[in-house]
Amino acid sequence: QVQLVESGGGLVQAGGSLRLSCAASGRTFSSYAMGWFRQAPGKEREFVAAISWSGSRTKYADSVKGRFTISRDNAKNTVYLQMNSLKPEDTAIYYCAIMPSYNSRRGDAWGQGTQVTVSS
């Protein structure tokens with residue numbers, strides 16, 4: 001069983017940057033594909049980015065491609081989401097998740113989320 005804890009959210013102006021972290025407990029973290037999802041007020045949760053277990057392959061939603069970068073450090077049991085050129089429409093609760101594969105759009109286990117607010 002792996003537990004996930006996100007951190008790094010906050011309030012930032014449009015055009016700014018944030019880096020989210022997701023710390024995982026459990027010895028099998030390096031076996032899992034990992035991803036980031038987000039949910040804005042009044043909207044459904046949506047896929048943002050995914051990374052393979054080794055970190056060699058990544059996928060992004062079109063809305064964040066070129067601005068966000070997902071990475072992982074298996075030695076630290078942590079996955080990151082570097083977010084640059086933030087826009088007000090990026091405002092949401094961001095969740096990390098264990099995924100069946102980096103090609104999936106489904107999360108199998110979730111953290112509690114971290115709020116990201118981008119002001120215009």
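Arg38, Glu46, Arg67 and Asp90 are linked in a network of salt bridges, and this network is a good place to begin reading the structure, which is a predicted model. A search of the whole structure finds five salt bridges, and those described here can be taken pair by pair.

In one pair of the network, the side chains of Arg38 and Glu46 meet in a salt bridge, with 2.6 Å from N to O. The two partners can then be compared by how much of each is accessible. Arg38 has a relative accessible area of 5%, and because buried means under 20%, Arg38 counts as buried. Glu46, with a relative accessible area of 35%, is partly exposed, because that value lies between the limit of 20% for buried and that of 50% for exposed.

Another pair of the network is formed by Arg67 and Asp90, whose closest N and O atoms are 2.8 Å apart. This pair links distant parts of the chain, since Arg67 lies in the loop between β6 (58-60) and β7 (68-73), while Asp90 lies in the loop between β8 and β9 (92-99), 23 residues apart. Both Arg67 and Asp90 are buried.

A further salt bridge joins Asp62 to Lys65, and here the closest N and O atoms are 3.1 Å apart. Are these two residues, Asp62 and Lys65, buried or exposed? Both of them are exposed.

From the salt bridges we can turn to the strands, beginning with β3, which covers residues 18-24. Five of the seven residues of this strand are buried, so β3 is largely enclosed by the rest of the structure. Strand β3 pairs with β1 in the antiparallel sense over four bridges, and within β3 it is Ser21 that stands opposite Ser7. Strand β3 is also joined to β8 (residues 78-83), with which it runs antiparallel, by six bridges, and Leu20 of β3 stands opposite Leu81 in β8.

The last stop is Gly8, which is placed in the loop between β1 (4-7) and β2 (10-13). With a relative accessible area of 35%, Gly8 is partly exposed, because this value falls between the limits of 20% and 50%. Which residues does Gly8 touch, once its neighbours within four places in sequence are left aside? Gly8 is in contact with Leu18, Arg19, Leu20 and Thr114. For Leu18, which is 10 residues away from Gly8 along the chain, the C-alpha atoms of the two residues are separated by 7.1 Å.

Terms used
Residues numbered from 1 in each chain as written. Predicted model: local features only at pLDDT ≥ 70, side-chain atom pairs only at ≥ 80, totals over all residues. Heavy atoms only, no water. Helix = DSSP H or I, 4+ residues; strand = E, 2+ residues; numbered from the N terminus. Buried < 20%, exposed > 50% of the residue type's maximum accessible area, 1.4 Å probe, protein only. Contact = heavy atoms within 4.5 Å. Pairing = 2+ DSSP bridges. Salt bridge = Lys/Arg side-chain N within 4 Å of Asp/Glu carboxyl O.
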